[in-house]
Every structure is written in structure tokens, then in C-alpha cells.
Amino acid sequence: MANLKTLDVFFSSQSFHEEELRNKVVVVIDVLRASSTIITALMNQAKGIIPVEDMGEASRISQSVGSDNLLLCGEKDGIKIEGYDLGNSPFEYNSDTVKNKTLILNTTNGTKAIKKAVGSAELYVGSFLNLSTIVQTLHEEEKDIVLVCAGWRRRMAIEDLLFAGNIVHKLGNGSLHPEARDGAKVAFGLYDKFRDNIPEVIHSSNHAVRLKDLTDEKDVDYCSQTDICDILPVLNDGIITNFYAKKEV
Ligand code: 3SL
């Protein structure tokens with residue numbers, strides 16, 4: 001059983017105040033698709049990802065950094081923003097495109113949730129793609145842990161809560177951890193109900209149905225995979241990098 005102090009799950013990025021994350025270890029979750037895209041970009045050796053709140057912040061940073069190795073990325077309501085280099089499909093973040101590049105990422109819910117959590121003690125980004133790496137990292141923590149689901153426009157998104165529940169389940173070795181708070185209990189119960197059908201639940205989620213009108217199903221198929229990599233995205237000084245990336249000497 002993990003050594004954590006308390007374990008909670010927040011259902012959307014509007015469901016908490018920044019102060020509630022102080023000194024806590026946070027995992028931001030946006031299974032469809034921002035977390036999965038961030039993990040994929042790092043898997044394909046992007047140098048780092050700068051999450052931003054909106055288009056204004058994205059253009060301010062791109063002007064001040066002004067480098068050839070910078071890509072402007074993101075979506076609004078699922079659609080690539082006009083003038084940006086990339087949208088938010090993980091398939092756009094292949095190594096030919098992102099290797100050694102710094103990405104500015106602006107998404108409807110995911111990057112806003114990350115920005116809201118910057119005051120936490122540690123901030124990781126998780127999705128089913130890196131489940132075991134996240135669980136292993138949290139197992140070592142002795143602080144309060146909060147799993148922040150990005151959700152969709154103030155609402156809960158079932159795919160995010162299901163992933164949070166999967167983490168809660170693993171941190172308690174299959175039982176509810178004694179320090180689980182109400183949000184963690186709800187996420188645990190959801191995961192327990194659907195654990196044999198994760199891809200089906202994700203495919204029938206409101207967000208997946210919305211995405212199917214905008215893209216084909218391959219993004220949802222991709223984001224429904226479990227443990228395809230051991231990337232640990234961590235935010236430091238406003239930039240997300242892979243904790244396990246080999247340091248250049
Ligand atoms: O809201 C977000 O951050 C996105 O991941 C949404 S979408 O999957 O690109 O529609």
C-alpha cells in the first residue's frame with residue numbers, strides 16, 4: 001500500500017481553488033487528448049512543452065522566445081487553431097515533426113488545468129499511456145496526492161475519472177486506500193464497475209463522440225491504450241519535460 005498522506009480526486013479544473021493544491025503532489029489528467037498528446041510528444045523526443053492558458057499567452061511566449069525550434073500547437077473545441085503548426089491529435093506529434101523542438105501547447109481544458117495546478121509541490125501529467133509510470137511514482141510519495149481531472153468545460157469527463165480510479169485502485173493494491181477522500185472513493189467505484197471495459201467506456205464517452213465528428217476514431221483508439229511507454233511528464237519552471245530523459249552533457 002502506498003505511503004501517501006491523503007488521496008483525493010478533483011472532477012474538473014473548475015472544481016477547486018489553486019490554494020487547495022499547495023504542497024501537494026498533483027497528476028493532471030486529460031485522457032482525450034491533451035495528456036496523451038503531451039506524453040506522445042515527449043516519447044518522440046520533443047525537448048519540452050510549454051502549456052498555456054489561451055492564444056494571447058501562446059503568442060506572447062512565441063514572440064519572446066522566437067526560435068526556429070519552436071512549434072505553436074493546440075486546439076479550440078477540438079479543431080486546430082488557425083495559423084498554428086499542429087493541432088491536438090497525438091498522431092501529429094511524430095518524431096520527424098517534434099524531435100528537439102519546444103512546443104507551446106494551448107488546449108481547451110487540459111493546458112488550463114495544468115496552469116491552474118502550477119503552485120503544487122510536484123506536477124505530473126498522466127493518461128492510460130503511462131499508467132504504470134505514474135503509479136510507480138506516486139507509490140513513493142509521502143505527501144498529499146490529488147488527481148486533477150481536466151474534464152470538459154466545467155463538467156466531469158468519464159475517461160478522466162476512470163483513469164483516476166485506476167490509479168486509486170492500484171495505490172491501494174486493489175482496495176480502497178484508508179486515506180482516500182470522497183473524490184477518490186467515487187473514482188475507485190467507477191473504475192471498479194467498468195475495469196474490464198475501459199476502451200468501450202472511453203469510446204462511448206461524450207468527449208469521444210464529440211471527437212468522432214471532428215477526427216476519425218484512431219485518436220480515441222490510441223488514447224485508450226494502456227502502458228505504451230514509461231514517460232513521466234513533469235512541470236518545472238513552466239515547461240514540461242520527461243523526468244527520465246537522458247541529460248545532455
Ligand atoms: O480540452 C482539451 O484540452 C483537449 O484535449 C480537447 S480535444 O481532445 O482536443 O478536443
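This is a short tour of the structure, stop by stop, starting at the ligand. Keep in mind that the model is predicted.

**Stop 1: the ligand and its shell**

Select the ligand and the residues around it. The shell holds 14 residues. Those that come nearest are R33, N88, T107, N109 and G110. By class, the shell divides into seven polar residues, four nonpolar and three charged.

Now show the polar contacts. Start with D30: an N or O atom in its side chain is 2.9 Å from an oxygen atom of the ligand. Go on to A34. Here a backbone N or O atom lies 3.0 Å from a ligand oxygen. At L32, a backbone N or O atom is 3.4 Å from an oxygen atom of the ligand. How much of the ligand does the protein bury? Taken alone, the ligand exposes 290 Å², and the protein buries 99% of that.

**Stop 2: the L32 to R33 bond**

Stay with L32 and display its link to R33. The peptide bond from L32 to R33 is cis, with omega near -10 degrees. R33 lies in the loop between β2 and α1, a helix that covers 34-43. Recall that R33 is among the residues that come nearest to the ligand.

**Stop 3: V25 in strand β2**

Step back along the chain to strand β2, residues 25-29. Select V25, which has its place in this strand. Is V25 buried or exposed? Its relative accessible area is 0%, so V25 is buried. Next, add A150 to the selection and draw a C-alpha to C-alpha distance. The two residues are 125 apart in sequence and 16 Å apart in space.

**Stop 4: S120 and its two backbone partners**

Jump to S120. Its place is in the loop between α4 (110-116) and β7 (122-126). The relative accessibility of S120 is 11%; buried means under 20%, so S120 counts as buried. Show its side chain. A polar atom there lies 2.8 Å from the backbone oxygen of A117. The side chain of S120 also reaches the backbone oxygen of E122, at 3.3 Å.

**Stop 5: two loop residues with positive phi**

Select R154 in the loop between β8 (145-149) and α6 (158-171). Its phi is near 75 degrees, a positive value in a residue other than glycine. R154 has 64% relative accessibility, so it counts as exposed.

Then select D237. It lies in the loop between β9 (233-236) and β10 (239-242). Phi of D237 is near 50 degrees, again positive in a residue other than glycine. At 82% relative accessibility, D237 counts as exposed.

**Stop 6: helix α7, end to end and face by face**

Finish on helix α7, residues 182-194. Mark the C-alpha atoms at its two ends; they are 19 Å apart. What span should its 13 residues give? At 1.5 Å a residue, the helix should span 18 Å, which agrees with the distance between its ends.

Now color the buried residues of α7: G183, A184, A187, F188, L190 and Y191. Turn the view to look down the helix axis. The buried residues fall within an arc of 165 degrees, so they line one face of α7. Rotate to the face turned away from that buried side. There you find the exposed residues D182 and K193.

Key: Residues are numbered from 1 along each chain as its sequence is written. This is a predicted model: local features need pLDDT of at least 70, side-chain atom pairs count only at pLDDT 80 or more; totals for chains, interfaces and linings use all residues. Side-chain values use heavy atoms; hydrogens and water are left out. A residue is near a molecule or strand if one of its heavy atoms lies within 4 Å of it. A polar contact is a pair of N or O atoms within 3.5 Å; within protein, one must be able to donate a hydrogen and the other to accept it, and residues adjacent in sequence count only if both atoms are side-chain atoms. Accessible areas come from the Shrake-Rupley method with a 1.4 Å probe; for residues, only the protein chains shown count as cover. Ala, Val, Leu, Ile, Met, Phe, Trp, Tyr, Cys and Pro count as nonpolar, Asp, Glu, Lys and Arg as charged, and the others, Gly among them, as polar. Helices (H or I, at least four residues) and strands (E, at least two) are DSSP runs, numbered from the N terminus. The expected span of a helix is 1.5 Å times one less than its number of residues. Buried means under 20% relative accessible area, exposed over 50%, partly exposed in between (1.4 Å probe, protein chains only). The arc is that of the directions from the helix axis to the C-beta atoms.
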